[in-house]
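Reader: I am a first-year student and I would like a close look at one part of this model, namely the charged side chains that pair up. Could you take me through it slowly, and then go on to whatever lies around it?

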Amino acid sequence: MRRLLVIFVDALGPAQLEAFGGRLPMVPERGAVRGVLGYSSGALATVLTGESPAQHGRMCLFAHQAPGHDHLLSPLKWLGLLPRWLHERSPVRRRVARALAAWRGLSGYVALGRVPPEAFSWLDLPERDDLFEADEIGGARTFLADARDAGLRTYVTPWQRPEDERLGQAAADIRRERPDLAFVYVTALDGVLHREGNGGRGVEAVRRTIAQRIEAVTEAMAAGGGEVVTLMVGDHGMADVDRVIDPGTRGTRRRFVDSTMMRMWGGANELEAARRELLPLGGTWLGGAELAANDVPQRTYGDAIYVLPEGSIFSPSYVGGRAAGMHGYLRQAPSAMAAVASSHALPASMRQLEDVGGWVRAQLEVA
Ligand SMILES: [Zn+2]
């Protein structure tokens, strides 16, 4: 059996991998796979399970409550009693998110963005468990769970820690634990590309640091003996933002404004009025049939979704403000492609993000 090192680099698209130049000699075999519609919560679940969002049910951080829901977020609508300048502040929202996670025993990623307080009465958080600890995501098993069940030693970098601490520790941990499967999660590239865009001044320094850490982790894995396969995989790339659109009151009454899309719930007439209002912005309207064709979980994330053209963002949105780089466009957009790179040849059949999980299982012989 081979030992496997999976390095998940948030926002590593083909263009972003190219920009590393010759600094990643440990993964000479390169490829590109089509990403999923949505954001990291959907892409990460897809990589870990090998299933599409329609199957594992993850796409964005916030979803509409399902029938029989447990009112997880409803208490937060009382944030609306605070003045907006106070309840929208990041430290306030972070503290409330931490309190909610502790109170309800949530081990997954909890963030509250700038969601208007009244929307908490109908919104839900699908991600409640730690994706890396869970046996399954929405009924789809993860390759980490399969590896653990097969008795393999696994190591996952603790995502709750800051990047420097998490990656600084990874090489030492891997040397000591000699895992059969190591999963290393890198977030700094996504962060700097959102802040500065692909041509930003700080991007080069971040790439240099990431390359050094990947080298250290690769060496640590090799020190454990046997044949080691390294796979580097992204979840999407990054588009430079060239247009900022204030969403105003466009869309349906029940709407969620993400940075690149507006997700809407409502009756046929209300949706049609919203469609006519939004289409002049140059984006794409996804109704029922198109949502299914894009592997979007039914209704949970919208009766209809309006996706902005690549390079445009909504600001203010419910998840953040302005940014120089963004992802989350249609799957056909160049920035929706994710890079794959490996120490070993990759099969031509690896064409979309869903294909990565099966390949990982095959390397570990836990398929
Ligand atoms: Zn991002």
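**Salt bridges and their surroundings**

Author: In this predicted model, Glu-204 and Arg-23 form a salt bridge in which the closest N and O atoms are 2.9 Å apart. Glu-204 belongs to helix H9, which covers residues 203-222, while Arg-23 sits in the loop between helix H1 (14-18) and strand E2 (29-34), so this pair ties together parts that are 181 residues apart in sequence. Both partners fall into the middle class of accessibility: Glu-204 is partly exposed, with a relative accessible area of 29%, and Arg-23 counts as partly exposed at 28%. This bridge belongs to a wider set, since a search of the whole structure finds 19 salt bridges.

Another place to look is a group of four residues, for Arg-141, Asp-146, Asp-149 and Arg-361 are linked in a network of salt bridges. Within this network, the side chains of Arg-141 and Asp-149 meet in a salt bridge with an N to O distance of 2.9 Å. Arg-141 is partly exposed, with a relative accessibility of 33%, whereas Asp-149 reaches 57% and counts as exposed. The network also holds the salt bridge between Asp-146 and Arg-361, whose closest N and O atoms are 2.7 Å apart. That pair links distant parts of the chain, because Asp-146 is in helix H6 (residues 143-149) and Arg-361 is in helix H12 (residues 354-364), 215 residues apart. Here the side chains are classed as buried, Asp-146 with a relative accessible area of 15% and Arg-361 with one of 12%; the reason for the label is that buried means under 20%.

From charged side chains we can turn to aromatic rings, of which the model has 8 pairs. In one of these pairs, the rings of Phe-8 and Tyr-185 have centres 5.3 Å apart and planes at 80°, so the arrangement is edge-to-face. Phe-8 is part of strand E1 (residues 3-9) and Tyr-185 is part of strand E8 (residues 181-186), so the two rings tie together parts that are 177 residues apart in sequence. Phe-8 is buried at 0% relative accessibility, and Tyr-185 is likewise buried at 11%. The rings of Phe-143 and Phe-183 make a further pair, with centres 6.3 Å apart and planes at 45°, so this one is tilted. Phe-143 lies in helix H6 and Phe-183 in strand E8, 40 residues apart, and the pair therefore links distant parts of the chain. Both of these phenylalanines are buried. The two pairs come together in one aromatic cluster, which is formed by Phe-8, Phe-132, Phe-143, Phe-183 and Tyr-185. Helix H6 thus appears in both accounts, for it holds Asp-146 of the salt-bridge network and Phe-143 of the cluster.

A last stop is Val-257, which lies in strand E12 (residues 254-257) and is buried, with a relative accessible area of 0%. Leaving aside residues up to four places away in sequence, Val-257 touches Pro-247, Met-262, Phe-314, Pro-316, Ser-317, Tyr-318 and Val-319. One of these contacts, Pro-247, is 10 residues from Val-257 in sequence, and the C-alpha atoms of the two are 7.7 Å apart in space.

How values were computed:
Residues numbered from 1 in each chain as written. Predicted model: local features only at pLDDT ≥ 70, side-chain atom pairs only at ≥ 80, totals over all residues. Heavy atoms only, no water. Helix = DSSP H or I, 4+ residues; strand = E, 2+ residues; numbered from the N terminus. Buried < 20%, exposed > 50% of the residue type's maximum accessible area, 1.4 Å probe, protein only. Contact = heavy atoms within 4.5 Å. Phe/Tyr/Trp six-rings, centres within 6.5 Å; stacked < 30°, edge-to-face > 60°.
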